[in-house]
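Trainee: Could we take a close look at one part of this model, with the terms spelled out as we go?

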Amino acid sequence: MGISFVETPEIQNLLDRVAGLDTQGGDPRLKAIIRDLIEACMTVIARYDISEDEVWNAVNFLQGAAGAGELGLLMPGVGLEHFIDLYLDAKDAQAGKLGGTPRTIEGPLYVEDAPIVESGACLTDDVDETDTLYMTGRIMGPDGEAVTEGLVHVWHADSQGFYSHFDPTREQTPFNNRRRLRIAADGTYAFYSKMPNGYSVPPGGASDTLMKALGRHGNRPAHVHFFIEAPGYRRLTTQINFGDDPFAADDFAFGTREGLLPVPNRQGDSAHIAFDFHLQRADDATDEVFSTRKRLVVDAVEPVKEPT
């Protein structure tokens with residue numbers, strides 16, 4: 001595919017948005033520098049066909065050896081995580097691998113080894129004075145067949161926009177709003193939880209500083225993250241953004257994608273989302289596993305504030 005992919009209108013538009021060229025504020029010189037810098041990173045990825053694992057191995061190294069603590073948040077903020085999704089989409093299309101639920105960014109807030117529960121379980125352990133979200137749907141393969149084995153990993157923030165294990169108040173129960181659901185025998189999944197809220201990057205941090213310098217905001221809409229793994233199918237990393245959130249069309253992390261914007265059906269103190277996931281068939285076992293991105297591993301008894 002080569003570096004011509006970086007020259008496509010979609011990627012050039014992404015670069016303009018990354019650099020804040022569509023906003024009035026920020027430092028014009030810095031905007032130009034950031035645009036060229038991120039374009040150079042994208043060009044290197046395309047020129048050498050750098051894999052998703054290779055990208056995240058580099059991020060893992062920089063976070064560990066160089067102590068770049070917010071690099072996992074800066075990757076979506078500067079559009080590189082979204083670029084990887086678009087690049088993989090283009091490679092899939094070139095190989096004739098079409099269809100399926102769109103992939104989108106994972107973000108830096110997944111925690112490994114969440115409890116495994118049956119479909120229909122509650123994700124929320126803590127008291128949260130907000131509406132209840134009910135989400136249901138089917139897991140299907142490329143021919144419309146029901147996927148009857150596997151796990152749906154689900155994680156989201158609380159009504160304050162905080163994730164368990166990353167909550168600055170340190171008040172959430174470990175694995176609050178985090179579960180791995182067994183796919184039901186009929187290929188369906190279901191869960192309920194307290195409604196998540198959107199959030200902004202940590203005030204005064206590296207991401208916040210850069211966004212302000214570019215004249216950009218650091219806000220994300222309310223959303224729910226998913227990993228889906230099932231024998232014989234390609235793993236899926238995706239998320240839904242709530243289509244009625246004011247930041248759904250202006251996500252600082254570029255996580256919003258067509259087909260991933262359901263609008264909750266709000267009724268009284270509850271909201272309902274019906275959303276089906278369509279998986280692609282795996283070519284081999286490597287398609288079934290998740291990337292080598294470093295993810296947080298914790299003792300379920302003691303929540304921690306920062307990832308390692």
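Trainee: In which loop is Phe254 found, and between which strands?

Mentor: Phe254 is found in the loop that joins β10 (236-241) to β11 (265-267), where strands (E, at least two residues) and helices (H or I, at least four) are DSSP runs numbered from the N terminus. This is a predicted model, in which local features need pLDDT of at least 70 and side-chain atom pairs count only at pLDDT 80 or more, while totals for chains, interfaces and linings use all residues. Residues are numbered from 1 along each chain as its sequence is written, and side-chain values use heavy atoms, with hydrogens and water left out.

Although Phe254 is not a glycine, its phi is positive, at about 60 degrees. With a relative accessible area of 5%, Phe254 is buried (under 20%, against over 50% for exposed and partly exposed in between, with a 1.4 Å probe and protein chains only).

His165 can be read alongside Phe254. His165 lies in the loop between β4 (151-155) and β5 (178-182), and its phi, near 80 degrees, is likewise a positive value in a residue other than glycine. Because its relative accessibility is 3%, His165 counts as buried. To put the two side by side, Phe254 has a positive phi in the loop between β10 and β11, and His165 has a positive phi in the loop between β4 and β5.
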